[in-house]
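Hi there,

Here is the structure I promised to pass on to you. Have a look at it first, and my notes on what turned up follow underneath.

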Amino acid sequence: MRPRRTDPGRRDRLIDVTLEVVAEVGVAGVSHRRVAARADVPLGSMTYHFAGMDELLHEAFTRFADRSAERFAEFLGAARDRDEAVAAVVDLVHELSDPRTDGERVVMYELYTLAARDPRYRAITTAWMARSRQELARHFDPQVTRRLDALIEGLSLHRALDDDPFDRALTEDAVRALVGAPGRTA
C-alpha cells in the first residue's frame, strides 16, 4: 500500500489555480478536471475540498476580491495627505489598466458578470467596494469617495480597452477635478 501523500496547501492551491484558469478561459471554461490538472492533484481532490464548482468559484472570487482590496489599501495607505492620495489614485488607475495585469482584469470582469446575475457574488463585490471606499475615506469625504471609487473603475476600464489609451495627465486631471483639488502646475 502506497503511503498517503500529504499536501496541506492543496485547497489553497486549488483556489489560486482556479483564478489562473478563469483568467485564461473565463468562468465558462473552468472545470474540475482543468483545475485539478493545472494544480497537479488527483481529480478526486476537487470533491474532497469543495462541494461543487460554485463553492470553488465563490472561494476563488472572494480571495481575488480580498487581494484586490489589500492592494488598494497599499496604494492609499502610503499617502500622508490629500495630494499624495490623489497621486496614489492615479497610480492605481494606471496599474489596474497595465497590460501586465490583463489576467487580473479578466478575473475582475468575470466576477462582475457573475455579480450582475447572482446575489452571492454580488455580496463579494459589495464587500470589496466597501473596503475600497473605506480606504478612500481616509483622505476624502463620503460623497467624493463614492464618485472616486466609480471613476477608478471607469478610467481603468477605458485605459485597458482603448486602442489609444489616455496618459497619466488626463487621469490626474480627472481625479483632481472630481476631488476638488487644484490642477497640476506643469
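Let me start with the aromatic rings: in this predicted model, the count of aromatic pairs comes to three. Take F64 and W128, whose ring centres lie 5.7 Å apart with the planes at 90 degrees, so this pair is edge-to-face. The cut-off behind that label is an angle over 60 degrees between the planes. F64 belongs to helix α4 (residues 53-77) and W128 to helix α7 (residues 119-136), so their pairing ties together parts of the chain that are 64 residues apart in sequence.

Are these two residues buried or exposed? F64 is buried, at 8% relative accessible area, and W128 also counts as buried, at 9%. The cut-off for that word is a relative accessible area under 20%. If you pick out Y112 as well, you have a cluster: ring pairs link F64, Y112 and W128.

There is one more ring to look at, this time with a charge over it. R159 lies over the face of F166, and the distance to the ring centre is 5.8 Å.

Now for the chain as a whole. It has nine helices and zero strands, so if you read along the sequence you meet the pattern α-α-α-α-α-α-α-α-α. Along the principal axes, the C-alpha atoms fill a box of roughly 75 × 35 × 30 Å. The protein chain has 186 residues, of which 40% count as buried. Among contacts with a separation of 6 or more, 63% come from residues 24 or more positions apart.

Two helix packings, both involving α1, are worth a look.

The first topic is α1 with α6. The axes of helix α1 (residues 10-25) and helix α6 (residues 102-117) come within 8 Å and cross at roughly 90 degrees. These two helices are therefore roughly perpendicular to each other. Which residues make the contact? From α1 there are L19, V22 and A23, and from α6 there are G103, V106, V107 and E110. By class, the residues of this contact of α1 with α6 divide into five nonpolar, one polar and one charged.

Next comes α1 with α4. Here the helices pack at an angle of about 85 degrees, and their axes are 9 Å apart. That angle makes α1 roughly perpendicular to α4. On the α1 side the contact is made by R11, D12, L14, I15, D16, T18, L19 and V22. On the α4 side the residues are E55, L56, L57, E59, A60, F61, R63, F64 and R67. The contact of α1 with α4 has nine nonpolar, one polar and seven charged residues. You will recognise F64 in that list, the residue whose ring pairs edge-to-face with W128. L19 and V22 of α1 also appear in the contact with α6.

I also noted a few single residues that you may like to click on.

S132 sits in helix α7 and counts as buried, with 4% relative accessibility. Leaving aside residues up to four places away in sequence, S132 touches F72 and D149.

D66 is found in helix α4. At 33% relative accessibility, D66 counts as partly exposed. How far apart in space are D66 and R131? They are 65 residues apart in sequence, and from C-alpha to C-alpha the distance is 9.0 Å.

D40 is placed in the loop between α2 (32-39) and α3 (44-49). Its phi is near 60 degrees, which is a positive value in a residue other than glycine. D40 is exposed, with a relative accessible area of 59%.

Finally, there is L161, in helix α8 (residues 142-161). L161 is exposed, at 58% relative accessible area. The C-alpha atoms of L161 and A174 are separated by 18 Å, and these residues are 13 apart along the chain.

If you have only a few minutes, I would begin with the cluster of F64, Y112 and W128, and then turn to the contact of α1 with α4.

Happy browsing, and best wishes

Methods. Residues are numbered from 1 along each chain as its sequence is written. This is a predicted model: local features need pLDDT of at least 70, side-chain atom pairs count only at pLDDT 80 or more; totals for chains, interfaces and linings use all residues. Side-chain values use heavy atoms; hydrogens and water are left out. Rings of Phe, Tyr and Trp (its six-membered ring) pair if their centres lie within 6.5 Å; planes under 30 degrees apart count as stacked, over 60 as edge-to-face and the rest as tilted. Helices (H or I, at least four residues) and strands (E, at least two) are DSSP runs, numbered from the N terminus. Buried means under 20% relative accessible area, exposed over 50%, partly exposed in between (1.4 Å probe, protein chains only). A charge sits over a ring if NZ of Lys or CZ of Arg is within 6 Å of the ring centre and within 35 degrees of the ring normal. Axes are lines fitted to C-alpha atoms, for helices over the stretch in contact, and angles run from 0 to 180 degrees between N-to-C directions. Angles under 35 degrees count as roughly parallel, over 145 as roughly antiparallel, 65 to 115 as roughly perpendicular and the rest as oblique. Contact means heavy atoms within 4.5 Å. Ala, Val, Leu, Ile, Met, Phe, Trp, Tyr, Cys and Pro count as nonpolar, Asp, Glu, Lys and Arg as charged, and the others, Gly among them, as polar.
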